[in-house]
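Please open the model in a viewer and keep the sequence panel visible beside it. The tour below proceeds by selections, each followed by a description of what is found there.

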Amino acid sequence: MKKMNVESFNLDHTKVKAPYIRLVGVTEGVNGDKVYKYDIRFKQPNKEHMEMAGLHSIEHLMAENIRNHMDNVLDISPMGCQTGFYLSIINNDSYDEVLVTLEKTLQDVLAANEVPACNEVQCGWAANHSLEGAKEIAKEMLARKDEWKEVF
Ligand SMILES: [Zn+2]
C-alpha cells in the first residue's frame with residue numbers, strides 16, 4: 001500500500017485489538033517542545049462503534065475532567081469512525097501517566113450526574129447527548145483496562 005501522510009492510515013486496522021492506548025508519534029517544535037499524540041481505541045474497528053449521543057457526552061466529560069488529572073493536555077477529540085479518541089499532550093513522555101490519567105477520567109464519567117456544557121450556548125448539538133450512553137462506554141473501557149497496553 002502507498003505510504004500515507006497520516007500515520008494511522010498506515011496502520012492495518014484489521015490487525016489491531018481494541019481496546020488499547022497507542023503512542024502514534026512525537027512532534028518536536030522549533031523551540032524543543034514536544035507534542036505526544038495518542039490513539040485511544042475504545043472499540044474494535046469495523047466490528048463495533050460508540051453510538052453518537054453517548055460518544056458526544058463522553059467527549060464533553062473527558063475533555064473537561066482529564067485536565068483535572070494532567071496539566072499538559074492539548075486536546076482530546078473523537079475519531080470520525082466513532083471507535084476511539086485522539087489525545088495530544090505537551091512535554092510529557094510518560095505513557096504510564098496517560099494510563100492512570102485515562103483511568104481517573106473514566107471514573108469521573110461513571111460518577112457524573114450531568115454532562116458539562118450540554119446546552120446551546122456551549123455546544124454545537126446540545127440535543128444530541130446521553131449521560132447513560134457515556135457511562136456504558138466508560139464502564140466497558142474500564143473493565144478491560146488490562147488490555148490497554150496491547151495494540152496487536
Ligand atoms: Zn458538544
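Select C118 and C123 and display their side chains. In this predicted model, the cysteine sulfur closest to that of C118 belongs to C123, at 6.8 Å, which is too far for a bond. A disulfide would require the two sulfur atoms to lie within 2.5 Å. C118 is classed as partly exposed, because its relative accessibility is 32%.

Next, add C81 to the selection. The nearest cysteine sulfur to this residue is again that of C123, but it is 20 Å away, and C81 takes part in no disulfide. C81 also counts as partly exposed, with a relative accessibility of 45%. The count of disulfides comes to 0.

Now turn to the sheet. Select β1, β2, β3 and β4, which form an open sheet of 4 strands in the order β1-β2-β4-β3, with antiparallel pairing. Which strands stand at the edges? They are β1 (residues 20–28) and β3; each has a single partner strand, so one side of each is left without a neighbour in the sheet. From one strand to the next, the twist averages 15°.

Narrow the selection to residues 73–78 and residues 84–90. These are β3 and β4, which run antiparallel and are joined by 5 bridges. Within this pair, P78 stands opposite F85 of β4. The two strands form a hairpin, with 5 residues between them. In its turn, Q82 is worth highlighting, as it has a positive phi of about 65°.

Select residues 95–111 next, to display helix α2. This helix lies across β1, β2 (34–41) and β4, and it runs at about 130° to β1.

Finally, move to the nonpolar interior. In soluble globular proteins, nonpolar side chains tend to be buried together. How many residues does the largest nonpolar core have here? It has 31, and the residues with the most contacts inside it are I40, F42, I58, M62, F85, L87 and L106. Display these side chains together, then colour the elements that contribute to the core. At least two of its residues are supplied by each of β2, α1 (52–65), β3, β4, α2 and α3 (131–143). The largest share, 6 residues, comes from α3. F85 therefore merits a second look: this residue, already met opposite P78, is among those with the most contacts inside the core.

Terms used:
Residues are numbered from 1 along each chain as its sequence is written. This is a predicted model: local features need pLDDT of at least 70, side-chain atom pairs count only at pLDDT 80 or more; totals for chains, interfaces and linings use all residues. Side-chain values use heavy atoms; hydrogens and water are left out. Two strands pair if DSSP finds at least two bridges between them. Axes are lines fitted to C-alpha atoms, for helices over the stretch in contact, and angles run from 0 to 180 degrees between N-to-C directions. Contact means heavy atoms within 4.5 Å. A nonpolar core is a set of buried Ala, Val, Leu, Ile, Met, Phe, Trp, Tyr and Cys residues joined through side-chain atoms within 4.5 Å. Buried means under 20% relative accessible area, exposed over 50%, partly exposed in between (1.4 Å probe, protein chains only).
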